Amino acid sequence: RIYIMNNFCLIKNKNNKHDITGYGSIDYNFLISQSFISCESYVNFLNSVYIRTKELNLYNQDIAKIIDLNKTIYTLKPHISPESPIHYINLDNLKIYCNFLNDPNLKTIHTYPYDIENNLFDKHRAKYWIPNYNEWYKATYYNYQNEQYYTFPNSSNNIEDCQVLTNNKTNSHSPYGLINAGLKFFTIIDDQNTGLDYLIARGSSNRQPMHSKAGVKYYVSKEYRSNYISPRICKKIRN
């Protein structure tokens, strides 16, 4: 069984122009998760692949801050909401999660469509994948109705509006319908680099709102995990 506790938003209007930053142009339509991957979804995933979690470093001292392991059963700690975004995972962890969504075969969970060891990706055959920067940028900042980009992810060019949203519990929606895209947490991005580090996009609620400005991105070390980073996934549109 594939566990996906998420709705998807259609990112249409292919062949859109890029922003002044040079980002955001996509020549295909695709789907992207409306919200960050939930803790519940990730715990279900761990329980489905528990035979290989240690080998693949899916459970470690970081994620143990929010997920307990009792013999072979993973459960959320009592203070963690099942609907809250998953934290303390890195790009390789997310690749394995996507591999399982594509094919719940534990023998190939580290090789298809993401080949972890060789840092390769078969996007042509993938049904689910990690957004690249242009995919995420378009889904977050582009307004398809007037064919223009916003400076900030809350459909605004005003930094004060962004400040309000990062300081309270108000949810924002991108023009495509993504919840808190570019706000609350950094997002894991796959830019298919050397594999020595990985990309995270925008700022989080513990950062100044300027970190949410279009074009802001950072690289962190390959093994880096944190409570201010969370993932989304993309999904192929059925033909």
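Start by selecting Ile189 and Leu199: Leu199, in strand β11, is the bridge partner of Ile189. The model on screen is a predicted one.

**Stop 1: strand β11 and its neighbours**

Extend the selection to residues 197-201, which make up strand β11. Is this strand mostly covered or mostly open? Strand β11 is mostly covered, with four of its five residues buried.

Now add residues 186-189, which are strand β10. Strands β10 and β11 pair in the antiparallel sense, and three bridges hold the pairing. Next, select residues 217-221 to show strand β12. How many bridges join β11 to β12? There are five, and these two strands also run antiparallel. To see one place where they meet, pick Asp197, which stands opposite Ser221 in β12.

**Stop 2: a lysine over a ring**

Stay with residue 217 and show its side chain together with Tyr133. The charged end of Lys217 sits over the ring of Tyr133, 4.6 Å from the centre of that ring.

Keep Tyr133 selected and add Tyr23, Trp136, Tyr137, Tyr141, Tyr142 and Tyr149. Together with Tyr133, these residues form one aromatic cluster.

**Stop 3: an aromatic pair between two helices**

The whole structure holds 21 aromatic pairs. One of them is formed by Tyr42 and Tyr97, so select these two residues next; a pair of this kind is described by the distance of the ring centres and the angle of the planes. How are the rings of Tyr42 and Tyr97 arranged? The pair is stacked, at 5.8 Å centre to centre and with 25 degrees between the planes.

Colour helix α1 (residues 39-48) and helix α2 (residues 91-102) to see where the two rings come from. Tyr42 belongs to α1 and Tyr97 to α2, so the pair links distant parts of the chain, 55 residues apart. Are the two tyrosines buried or exposed? Both Tyr42 and Tyr97 are buried.

**Stop 4: an open sheet**

Select strands β1, β2, β14 and β7. These four strands form an open sheet in that order, with antiparallel pairing. Which strands are at the edges? The edge strands are β1 (8-11) and β7 (128-129), each of which pairs on one side only.

Zoom in on β1 and on β2, which covers residues 30-33. Four bridges join these two antiparallel strands. Within this pairing, Cys9 stands opposite Ile32 in β2.

Finish with Phe8 and Lys235. Lys235 lies over the face of Phe8, at 5.4 Å from the ring centre.

Definitions and conventions. Residues are numbered from 1 along each chain as its sequence is written. This is a predicted model: local features need pLDDT of at least 70, side-chain atom pairs count only at pLDDT 80 or more; totals for chains, interfaces and linings use all residues. Side-chain values use heavy atoms; hydrogens and water are left out. Buried means under 20% relative accessible area, exposed over 50%, partly exposed in between (1.4 Å probe, protein chains only). Two strands pair if DSSP finds at least two bridges between them. Rings of Phe, Tyr and Trp (its six-membered ring) pair if their centres lie within 6.5 Å; planes under 30 degrees apart count as stacked, over 60 as edge-to-face and the rest as tilted. A charge sits over a ring if NZ of Lys or CZ of Arg is within 6 Å of the ring centre and within 35 degrees of the ring normal.
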